[in-house]
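Hi everyone, thanks for coming. Please get the sequence and the structure up on your screens, and I'll talk you through a few spots.

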Amino acid sequence: MTSTLDALLWGVLPYVTIAAFVIGLFWRYRYDKFGWTTRSSQLYENRLLRWGSPMFHFGLILVILGHLVGLLIPKSWTEAVGIPEAAYHFVATWMGSFGALLVVAGLIILIVRRRTTGPVFSATTRMDKTMYVFLAASILIGSWATVETQILAGDHGYDYRETISPWFRSIFVLQPEPALMAGVPLAFKLHIIAAELLFILWPFTRLVHAFSAPVPYVFRPYVVYRSRDAAVQSRESRPGWDPSGRPKN
Amino acid sequence: MRVLAHMGMVMHLDRCIGCHTCSVACKQVQSAAEGLEYAWFNDVETRPGRPYPSGPRAPGGPDSVAGWVRTSAGELRLRDGGRLRHLFRLFAVPGMPTIDEYVAPAEDALRPRVGGPAPERMGGARGPEPEWRPAPPADRAADPVLRHLGEHATAEIAQTFSFYLPRICEHCINPACVAACPSGALSKRVEDGIVLVDQDRCRGWRSCVPACPYGKMYINPVTGKAAKCTLCVERIEVGEPTLCSETCVGRLRYTGIVLYDGDRVEEAASVEDPQDLLQAQRDIILDPHDPEVVAAAEAAGFDEDWIMAAQYSPIYQLVSRFQVALPLHPEYRTLPMIWYVPPLSPVVDVVASTGADGEDFDTLVAAFEQLDLPVDYLAETFSAGDRDVVAGVLRRLAAVRSLTAGSGAKGPTGRAPRARRPDPKVARAVDLSPADLGELHQLLTNADYADRNIIPPAPEPGSAPPGGCSLDDLGGPGGTGPGAGAENGPTAAEKTRGSRFNLLGWSGKDRPHQLFPDRV
């Protein structure tokens, strides 16, 4: 039997998150392209950022890939191709821990830098600070969950692929099964809630730059040419805003 | 051949007095936004001296990754590395200068001196002492050109010469900033080659900043977007010169277009020897009087007034015809389009300080052979170290000066000295006809506003884009051949009836229709 709270947390909140995330991103891209930026502070400080930022970002790429594999690929699939649970658990735990270590170390360097470098702190908005709380919470609780339920739990650890992963997939096939989450350790539950709050906040923060990863750069010619016509005509002309035209000699 | 037009500028350095009027005009209009306090789209530097920006990661510094390099396979790539490597280094862009390598905003640096509490971001009670400004008292030790020339140069040059170098974005034909931009926000305008940032496309990856060999890309930390000199595009489009040019007290800036071959850009930028880059760049600039070029330009959709502007362009005259204008640091392979007539005056001063007649042509020419430093320094700055190129330009400038030499010696009279007739011997010594020498003298010394700025207004949006698909335009299978003009609207010549004609730039060879209208 699912309690009301469980139903809200594991049956409703995920959809609220998805709605806010998707609609928020669409709205931001449609109306605030000018605000869509990394807002990098490398101009102000380079020494700490040179270490912290690559550690944080490369660690995150590793962690995100791990999450995708763990959440999206059913246990039956990996077993079907002959990967035993113990091997999977070993690789996932240690790669995940390595990624988490990079991310946490990078995050600490970046937060220390942000607080102690005067110009960087001045350039930190209220939204940045709020975002940092949820970002740090997700990362730290997630790392704690890995340490507590995997590393310290002996040989096998907690098998999230029996509970969290099917629940996660159930959200996206529109058949949510909150009951699956009932016995999940507290650390994972808190990690999921913190992450959901972070995703709700995401479209309204500088984190949107994650969706601008410039992959097409690899395939494009070096020098970009663009016609003035395209720039002048890319927006619909509105009443009273006709192009000024060329002066008469 | 793909004919493209490029807006360019020539700065005649002998005329720069270092007054910063250009910098201030530019600052007030173009970089007054919050977050751009440190950015000078136009700055004036004292050379030899500290450039702006200046530091280990700034252009010329040991950690700089500016410009292009030619691989052993003969291909161009950014100095930072190939595309993938470039992307993997985005999280902490290498070679990105920090704000102290520009100049801390004057307000912050000066506040402790003028009273009031120092802002917190400067670290509390008292900010740092103001150390230097974009054009500081000559700071020889920080000059990368001098570092390259060696130690004896640094010691010696203090006694030799000094000149001012106004700098804006070079609007390069082969811009490294555009190539480095991961989002494709930076682009060259097809119509006039102006390099612009699309503020809606920029994602603040900041790769453009270290890629620019001229330190002319800026990140606005408040908006998180890149910002740069736009060549006052809103003025250029209506046929007016840039603000720096308009306000220039010394009238040293010339603005106009050249036609160039868009198909040969890569070939020109990847010649093996950096000292050949100047000639390669001159080679892709097309002769606007060549009937083939004119036909190709018309076929590409250029209006007659653009072609005429290219023919009378002061840029074409100084860069290609007289070859007295040189690019700044061509060795970065960006094919810059802001050109400089190197300064002769500092050399004249050096010669005059020995008691000789510094304005005498023969004395000056002999001096170029003996004076290592000024010529070496100018060569490192304007011709990738090729002394002969700079010496050749200085000889022509000396020949120009010989036309008025001595006439100012009686003291200021309030009138411009009257030029003598060119001495055929002097003209021949610099490979010019006496008439050409006279014309060069006119262009360098007495050119007025209309001669210095020959800027065709941009065509109406939606009209045939120059450089666009030539199949649809005049001369193409989808358009109309030159003979079919009558059936398909006015011919190019008819369209320009009544347009202005630059009499001073007229060589007397052709028959401009403004002077000789058709009889009706």
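**A strand on the inside, then the interface**

Let's start with strand β2 of chain B, residues 43–47: five of its five residues are buried, so the strand is largely enclosed by the rest of the structure. Buried here means under 20% relative accessible area, while over 50% is exposed and in between is partly exposed (1.4 Å probe, protein chains only). Helices (H or I, at least four residues) and strands (E, at least two) are DSSP runs, numbered from the N terminus.

Before I go on, a word on the ground rules. This is a predicted model, where local features need pLDDT of at least 70 and side-chain atom pairs count only at pLDDT 80 or more, while totals for chains, interfaces and linings use all residues. Residues are numbered from 1 along each chain as its sequence is written, chains are lettered from A and ligands numbered from 1 in the order in which they are written, and side-chain values use heavy atoms, with hydrogens and water left out.

Okay, back to β2(B). In a regular strand, side chains alternate between the two faces of the sheet. So which residues sit on each side of β2(B)? On one side you have B:Asp43, B:Glu45 and B:Arg47, on the other B:Val44 and B:Thr46, and they are all buried. The neighbour is β5(B), residues 163–167, running antiparallel and joined to β2(B) by five bridges; DSSP has to find at least two for strands to count as paired. Across from B:Asp43 in β5(B) you'll find B:Arg167.

Zooming out, chain B has 22 helices and 13 strands, and 56% of its 520 residues are buried.

Now, the meeting with chain A. How many residues does each chain bring to the contact? Chain B brings 67 and chain A brings 46, with contact meaning heavy atoms within 4.5 Å. There's a strand pairing across the chains too: β1 of chain A, residues 225–226, goes parallel with β6(B) over two bridges. There, A:Tyr225 has B:Lys188 as its bridge partner.

The rule finds one salt bridge across this interface, that is, a side-chain nitrogen of Lys or Arg within 4 Å of a carboxyl oxygen of Asp or Glu. Have a look at the side chains of A:Arg228 and B:Glu237, which meet at 2.9 Å, N to O. On the chain B side, α2(B) gives the most to the surface touching chain A, with five residues.
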